[in-house]
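Q: I'm new to this one. Could you take me through a close look at how a pair of helices pack together?

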Amino acid sequence: MKTDSPYGPEMADPDDTRPILIVPYMWIGDFVRGHTVVRVLKQRWPNRPVDMLVTTLCAPLVDYMPGVRAGVVWDLPRSRLAPTQQWSLARQLRARGYGTAFVMPRTWKSAIAPALAGIPERVGFVGEARFGLLNRWRWGERALPRMIDRKASLALPAGAARPPEWPAPQLRISTEDVTRWRQAQGLGAGPAVALAPGAVGSSKRWTSYAEAARMLAERGIDLWVIGGPNEKGMATEIAATGGPRVRDLTGHDLRNGILAMAGATIAISNDSGLLHVAAAIGTPTLGIFGPTSPYHWAPLNGLAATIQVKTPLPCQPCHRPVCTRNDHRCMRDIPAAEVIAIAERVLAEAGAHDAR
């Protein structure tokens with residue numbers, strides 16, 4: 001029995017049950033975006049299990065992604081091919097009997113293990129002379145405007161037109177899990193604002209989180225600072241300014257950050273992985289953008305608000321990790337009062353806080 005694919009003329013076979021492997025980008029935000037690829041594949045082949053290659057860091061995300069059967073955890077070293085580890089990963093992949101692998105990155109290294117495993121169909125864009133490693137070539141990657149277009153297009157039938165909108169990523173966390181997490185952390189049941197002050201590259205970090213925390217705490221709102229160990233210093237500064245209502249929840253375990261974003265009434269985040277986590281969960285989220293373009297990098301889920309300087313600077317968007325022009329004005333010139341005003345409106349709409 002065959003049915004029409006929703007993404008083109010190809011006839012997808014619902015009786016096909018061969019497992020699929022996705023080799024995604026491994027940054028947290030890009031990994032969350034990868035769930036769009038899962039959703040496209042499940043619409044094409046509803047009965048093919050989908051697994052994702054995953055690092056230890058990103059592994060907790062798989063537990064909350066509907067449609068993902070399992071994560072294959074493998075921490076390949078950066079900046080080298082690591083042939084011994086590649087062979088070991090290939091043996092694991094071969095044992096799982098994958099019929100198709102979708103290789104999202106354009107790197108030679110990302111395609112080695114699927115090829116060594118003998119996965120029959122290995123789909124990816126042309127790049128780094130991967131002839132022989134991939135056998136289902138796709139062209140035209142550089143003509144696609146956004147990374148999400150590039151990744152999700154690989155999941156379409158060859159030659160199919162992109163849809164007007166991609167399905168948005170989803171992370172589903174039960175209220176029971178959130179309740180247990182809040183109890184374990186010694187947090188109350190009241191409203192809270194999650195702050196995610198970190199980002200890859202200092203240019204993407206808003207400079208007024210501490211002031212915003214103080215203003216919200218004075219309004220009687222609890223605040224949670226979320227991030228990895230690299231954000232510990234920022235969390236300490238924010239807590240020192242904001243006072244006892246601020247909790248430092250930074251640490252090594254991403255699951256802690258996921259549950260915090262699920263438990264928060266609202267999240268305030270830079271353009272970072274946690275922005276995509278909060279949006280995919282469905283938590284109302286304020287995304288603060290400076291050197292990067294919301295069109296290219298904001299979550300597909302939509303945000304409660306996208307915040308930028310009122311008057312765009314001539315250097316925006318530069319997409320640089322470190323500011324080399326204008327003394328970081330694209331972030332410094334976003335006042336805390338503006339962010340707080342938007343946050344209070346969202347809190348009021350959620351019924352969690354009386355607007356003052």
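A: Here is a walk through one helix pair, followed by a second pair. This is a predicted model, where local features need pLDDT of at least 70, side-chain atom pairs count only at pLDDT 80 or more, and totals for chains, interfaces and linings use all residues. Residues are numbered from 1 along each chain as its sequence is written, and side-chain values use heavy atoms, with hydrogens and water left out.

Let's start with helix α1 (residues 28–44) and helix α5 (residues 147–154): their axes come within 9 Å and cross at roughly 45 degrees. Helices here are DSSP runs (H or I, at least four residues), numbered from the N terminus, and axes are lines fitted to C-alpha atoms over the stretch in contact, with angles running from 0 to 180 degrees between N-to-C directions. α1 and α5 are therefore oblique to each other; angles under 35 degrees count as roughly parallel, over 145 as roughly antiparallel, 65 to 115 as roughly perpendicular, and the rest as oblique.

Who touches whom? On the α1 side there are Asp-30, Arg-33, Gly-34, Thr-36 and Val-37, and they meet Met-147, Ile-148, Lys-151 and Ala-152 of α5 (contact means heavy atoms within 4.5 Å). By class, that contact of α1 with α5 has four nonpolar, two polar and three charged residues.

Now for helix α7 (residues 209–218) and helix α13 (residues 336–349), whose axes come within 9 Å and cross at roughly 45 degrees. Here Glu-211, Ala-212, Met-215 and Leu-216 of α7 touch Ala-336, Ala-337 and Ile-340 of α13. This contact of α7 with α13 divides into six nonpolar, no polar and one charged residue.

Technical notes
Helix = DSSP H or I, 4+ residues; strand = E, 2+ residues; numbered from the N terminus. Nonpolar A, V, L, I, M, F, W, Y, C, P; charged D, E, K, R; others polar.
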